Amino acid sequence: MTAANPALAALLDRADDTEIDPADLLAEIVAGGVVVPIDDTESVVFIHGQDGQPWLPAFVDAATCARDVPHARPYLCDAARLVDIAGRTGVRTMTVASATQCASVPLALVARAATPRD
């Protein structure tokens, strides 16, 4: 499995400067996953914001992950794994970065988007 989500990268990096529809963003995350940084023990690397709260750094590909978190290895996570990470750690927010843009995404919305509807 390639550590990349090219459709998510295209959505974040589009040149027309229009606002990204949150439903489209969630759909691409659920469809193709995101790359998260892991350490040598295969634990997810978290970043702490100015408020002291942890957030999950996520990326559209391994190269962007390596650029922004050089001490970690890239790991492709699907939506189910993201929900599991949120449940086990209590982290509530993920920031997805591409080569030029980023978007903050509440992990509760990823969980809702990943849940099959009747």
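**Exercise 1. The elements**

How many helices and strands does the chain have?

*Solution.* Start with the kind of model: this one is predicted. Next, count the elements. The chain has 5 helices and 6 strands. Then read their order from the N terminus: α-α-β-β-β-α-β-α-β-β-α.

**Exercise 2. The chain as a whole**

Work out whether the radius of gyration agrees or disagrees with that of a compact globule.

*Solution.* Step one: take the length, 118 residues. Step two: a compact globule of that length would have a radius of gyration near 13 Å. Step three: the chain has 13 Å, so the two agree.

Now add the box. Along the principal axes, the C-alpha atoms fill roughly 35 × 35 × 35 Å. Turn to burial: 34% of the 118 residues are buried. Last, look at contacts between residues at least 6 apart in sequence. Of these, 63% join residues at least 24 apart.

**Exercise 3. Surface and charge**

What share of the accessible surface belongs to carbon and sulfur atoms?

*Solution.* The accessible surface comes to about 7,000 Å². Carbon and sulfur atoms hold 52% of that surface. Next, the charges. The chain has 8 positive and 16 negative side chains. The centres of the two sets lie 7 Å apart.

**Exercise 4. One face of helix α1**

Find the buried residues of helix α1, and say how they are arranged around its axis.

*Solution.* First, locate the helix: α1 spans residues 6-13. Its buried residues are L8, A9, L11 and L12. Now look down the axis. These residues fall within an arc of 165 degrees, so they line one face of the helix. Finally, ask what covers them. The cover includes helix α2 (22-32) and the strands β1 (34-38), β5 (93-97) and β6 (102-106).

**Exercise 5. Two sides of helix α4**

Which residues of helix α4 are buried, and which are exposed on the other side?

*Solution.* Helix α4 covers residues 79-89, and A79, L82, I85 and A86 are buried in it. Seen down the axis, they fit within an arc of 115 degrees, so they line one face. On the other side, A80, G87 and R88 are exposed.

Next, the cover. Among the elements over the buried residues of α4 are α2, β1, β3 (54-59), β4, β5 and α5 (107-114). Then step past the helix. G90 follows α4, and the phi of G90 is positive, near 85 degrees.

**Exercise 6. Buried or exposed?**

Sort T64, P70 and E42 into buried or exposed. The cut-offs are under 20% relative accessible area for buried and over 50% for exposed.

*Solution.* Take T64. T64 lies in helix α3 (residues 62-68). Its relative accessibility is 5%, so T64 is buried. Leaving out residues up to four places away in sequence, T64 touches F59, A97, S98 and A99.

Take P70. P70 sits in the loop between α3 and β4 (73-77). Its relative accessible area is 65%, so P70 is exposed. Now compare positions in the chain and in space. P70 and P37 are 33 residues apart along the chain, and their C-alpha atoms are separated by 9.0 Å.

Take E42. E42 is in the loop between β1 and β2 (47-48). Its relative accessibility is 59%, so E42 counts as exposed. Check the backbone too. Phi of E42 is near 65 degrees, a positive value in a residue other than glycine.

Note on methods. Residues numbered from 1 in each chain as written. Predicted model: local features only at pLDDT ≥ 70, side-chain atom pairs only at ≥ 80, totals over all residues. Heavy atoms only, no water. Helix = DSSP H or I, 4+ residues; strand = E, 2+ residues; numbered from the N terminus. Rg over C-alpha atoms; globule rule 2.2 N^0.38 Å. Buried < 20%, exposed > 50% of the residue type's maximum accessible area, 1.4 Å probe, protein only. Contact = heavy atoms within 4.5 Å. Areas by Shrake-Rupley, 256 points an atom, 1.4 Å probe, with all protein chains shown as cover. Lys, Arg positive; Asp, Glu negative; His and termini not counted. Charge placed at Lys NZ, Arg CZ, Asp CG, Glu CD. Arc of directions from axis to C-beta.
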